[in-house]
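Trainee: I'm new to this one and would like a close look at a single part of it. Could you walk me through it once it's up on the screen?

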Amino acid sequence: MLSISEKVFMEKYLRVGVISNTHGVRGEVKVYPTTDDIKRFDDLKEAVIDTGKEYVNVDVTGAKYFKNMVILKFRQFDNMDQIIPYKGMDLLVTRENAIPLKEGEHFIVDLIGCRVVTDEGRELGELTDVLQTGANGVYVVKTLEGKEVLLPVIKECVLEKDIENKVIKVHIMKGLLDL
C-alpha cells in the first residue's frame with residue numbers, strides 16, 4: 001500500500017530516467033532512460049531531480065544519445081563537481097511535461113493500485129506492477145490470498161481499464177491460475 005506522500009508524488013511526477021554518471025567536465029550527465037520513447041528527451045525543456053529529500057528543478061539545454069544512454073546538459077550546472085551529488089537519482093517530469101498518451105494508453109503509475117476483477121465478478125486482487133516484455137506487457141497482481149499472478153496485457157485477457165475508478169476487468173484464460 002502506498003503512503004499518502006508517495007501517492008501525491010506519483011500523481012504529480014513521472015520518472016523518465018535515472019542519472020547514472022557524469023559525462024565530461026562541463027556538467028553533463030548520463031541518464032538511463034525509463035521511458036518508452038527515448039526520443040522524448042529531444043523536446044524536454046524542464047525536469048526535476050529527486051534527491052530523496054527535495055526536488056531540484058533543472059532546465060534542460062541539450063540532449064544527445066550514446067548507446068543506450070541519454071546525455072543531458074542542465075543550465076544550472078557548469079562543471080562535473082556540481083552534478084556529482086545527483087548521481088543515482090531519479091529524473092522526473094511533471095505530468096504537464098509528459099508525452100501525450102494515445103487513446104487507450106495509460107501511465108504505468110496510474111495502473112498501480114487498481115483493483116483487478118474478473119469478468120465473472122470475482123475480485124482477484126490488486127495490480128502491483130507492470131512488466132515490460134518484448135511481445136506485450138504483463139500485469140503483476142497480488143491476489144487476496146497474497147499470491148502473485150501474472151496476466152498478459154492482451155485483449156483476450158484485459159477487457160476493460162477504468163482508471164478513474166481504479167478497476168481493471170480481466171478474463172482469466174484457461175491455465176492462467178493453474179499451479
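Trainee: Before we zoom in on the barrel, what percentage of the residues of the chain count as buried?

Mentor: Keep in mind that this is a predicted model. Of the chain's 179 residues, 36% count as buried. Now for the part you asked about. The chain has three helices and 12 strands, and six strands close into a barrel. Follow them around in the order β1-β2-β5-β4-β3-β6, and you'll find that the pairing is antiparallel. From one strand to the next, the twist averages 50°. In general, strands of a sheet are paired through backbone hydrogen bonds, and they can run parallel or antiparallel.

Let's pick out one pair, β4 and β5. Strand β4 takes in residues 55–66, while strand β5 covers residues 69–74. Six bridges link the two in the antiparallel sense. If you want a spot to start from, find Val60: Phe74 in β5 stands opposite this residue.

Now step back to see what the barrel belongs to. Taken along the principal axes, the C-alpha atoms of the chain fill a box of roughly 60 × 35 × 30 Å. Look at contacts between residues at least 6 apart in sequence, and 49% of them join residues at least 24 apart. On the outside, the chain exposes about 11300 Å², with carbon and sulfur atoms supplying 51% of that area. As for charges, there are 25 positive and 30 negative ones, and their mean positions lie 5 Å apart.

Terms used: Residues are numbered from 1 along each chain as its sequence is written. This is a predicted model: local features need pLDDT of at least 70, side-chain atom pairs count only at pLDDT 80 or more; totals for chains, interfaces and linings use all residues. Side-chain values use heavy atoms; hydrogens and water are left out. Helices (H or I, at least four residues) and strands (E, at least two) are DSSP runs, numbered from the N terminus. Buried means under 20% relative accessible area, exposed over 50%, partly exposed in between (1.4 Å probe, protein chains only). Contact means heavy atoms within 4.5 Å. Accessible areas come from the Shrake-Rupley method with a 1.4 Å probe; for residues, only the protein chains shown count as cover. Lys and Arg count as positive and Asp and Glu as negative; His and the chain ends are not counted. The place of a charge is taken as NZ of Lys, CZ of Arg, CG of Asp or CD of Glu. Two strands pair if DSSP finds at least two bridges between them. Axes are lines fitted to C-alpha atoms, for helices over the stretch in contact, and angles run from 0 to 180 degrees between N-to-C directions.
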